[in-house]
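User: Could you take me through a close look at one part of this structure, the aromatic cluster and what surrounds it? I would like one connected account that I can follow with the model open.

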Amino acid sequence: WNHAICITSDEHIYTFGNGSDGQLGTGKFQDELSPVKIERMFGYIIDCAAFNHTMLLTSTGLFTWGWGEHGELGLGSTENQCSPCLVDVGEHEIIEVTCGAFHSAAVSKDGLLLTWGLGTHGQLGHGDTSSQTSPYVVQYLQDKHIFEVACGFSHTIVIQASQIDEGH
C-alpha cells in the first residue's frame, strides 16, 4: 500500500514509498523517497506480495514485515515489524504467497491453503470470523489440491489444480 518493492536480477531487494508501518523492511518506521536496499541475504527469491505489509518467499523461508495489527504477518503476534521476520510455516513447503489488506495466504507444494490475519468477514476460510496470528491450514479445502490463491481487501479466491487440468 503506497510502497514499492524492486528485486534485481542478482537477488537484491530495494524498497521505497510509505514506510510508516514498517512495510519497507529497512529497520525503520519511516517513508523513503528513493530506493533503499534491504541489507539481508534471503537466498533465491520465489515470490513476493504486498499490501499494508510485505511478504517475501525465498529459498530460505517466508519473510514478512510491516503492518501486523491483525496478525497478518503470521508471527504469532499483532505487532508491526520494520525488519524482515521469518514465519514459522511448520513442515509446509510454501510455493506461493499473497496479501490482502489485513490478511495473508499461502499455498504449499502439496496443495494446501494456509491463511492468517483478520478474519471478521470469514476471509480466512476457517468456518468462523476469528482472526489468526499464525499460518493455519484451511481444513475445508484440505483435499482439493489448491494451485493458486489471491487475496482482496476482505476476501480470498483460490484455484483448484483439477480446474487447471480440466481446462476450466
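Analyst:
**The aromatic cluster and its surroundings**

Phe-42, Phe-63 and Trp-65 come together as one aromatic cluster. Please keep in mind that this is a predicted model, and that everything below is computed from it.

Let's begin with the rings themselves. Searching the whole structure turns up four aromatic pairs. One of them joins Phe-42 and Trp-65, whose rings are stacked, with 6.4 Å from centre to centre and 25° between the planes. A stacked pair needs planes under 30 degrees apart and a pair of any kind needs centres within 6.5 Å, so this one meets both cut-offs. The two partners come from distant parts of the chain: Phe-42 sits in the loop between β3 (32–37) and β4 (45–50), while Trp-65 belongs to strand β6 (residues 61–66), 23 residues apart. Both Phe-42 and Trp-65 are buried.

A good residue to pick next is Leu-56, which has its place in strand β5 (residues 53–58). Leu-56 has a relative accessibility of 1% and therefore counts as buried. Leaving aside residues up to four places away in sequence, Leu-56 touches every member of the cluster, namely Phe-42, Phe-63 and Trp-65. The contacts of Leu-56 also include Ile-7, Ile-13, Ile-45 and Leu-62, along with Asp-47, Cys-48 and Gly-61. For a view of the spacing, try Leu-33: its C-alpha atom is separated by 21 Å from that of Leu-56, and the two residues are 23 apart along the chain.

Two of those contacts, Ile-7 and Ile-13, lead to a backbone detail. The loop between β1 (3–7) and β2 (13–17) holds Glu-11. Phi of Glu-11 is near 70°, a positive value in a residue that is not glycine. Most residues other than glycine have a negative phi. Glu-11 has a relative accessible area of 27%, so it counts as partly exposed. Another residue of this kind is His-145, in the loop between β11 (132–137) and β12, with a positive phi of about 45°. His-145 is partly exposed as well, at 39% relative accessibility.

For comparison with the stacked rings, have a look at Phe-102 and Phe-153. These two form an edge-to-face pair, 5.7 Å centre to centre with 80° between the planes. Phe-102 lies in the loop between β8 (94–99) and β9 (103–108) and Phe-153 in the loop between β12 (146–151) and β13 (156–160), so the pair ties together parts 51 residues apart in sequence. Phe-153 is partly exposed, with a relative accessible area of 48%, whereas Phe-42 and Trp-65 are buried.

Finally, here is the setting for all of this. The chain has one helix and 13 strands, and along the sequence the strands come before the helix. The radius of gyration is 15 Å, close to the 15 Å that the globule rule gives for 168 residues, so the chain is as compact as a globular protein of that length. Of these 168 residues, 45% count as buried. Among contacts between residues at least 6 apart in sequence, 41% join residues at least 24 apart.

Notes. Residues are numbered from 1 along each chain as its sequence is written. This is a predicted model: local features need pLDDT of at least 70, side-chain atom pairs count only at pLDDT 80 or more; totals for chains, interfaces and linings use all residues. Side-chain values use heavy atoms; hydrogens and water are left out. Helices (H or I, at least four residues) and strands (E, at least two) are DSSP runs, numbered from the N terminus. The radius of gyration is taken over C-alpha atoms; the globule rule is 2.2 Å times the number of residues to the power 0.38. Buried means under 20% relative accessible area, exposed over 50%, partly exposed in between (1.4 Å probe, protein chains only). Contact means heavy atoms within 4.5 Å. Rings of Phe, Tyr and Trp (its six-membered ring) pair if their centres lie within 6.5 Å; planes under 30 degrees apart count as stacked, over 60 as edge-to-face and the rest as tilted.
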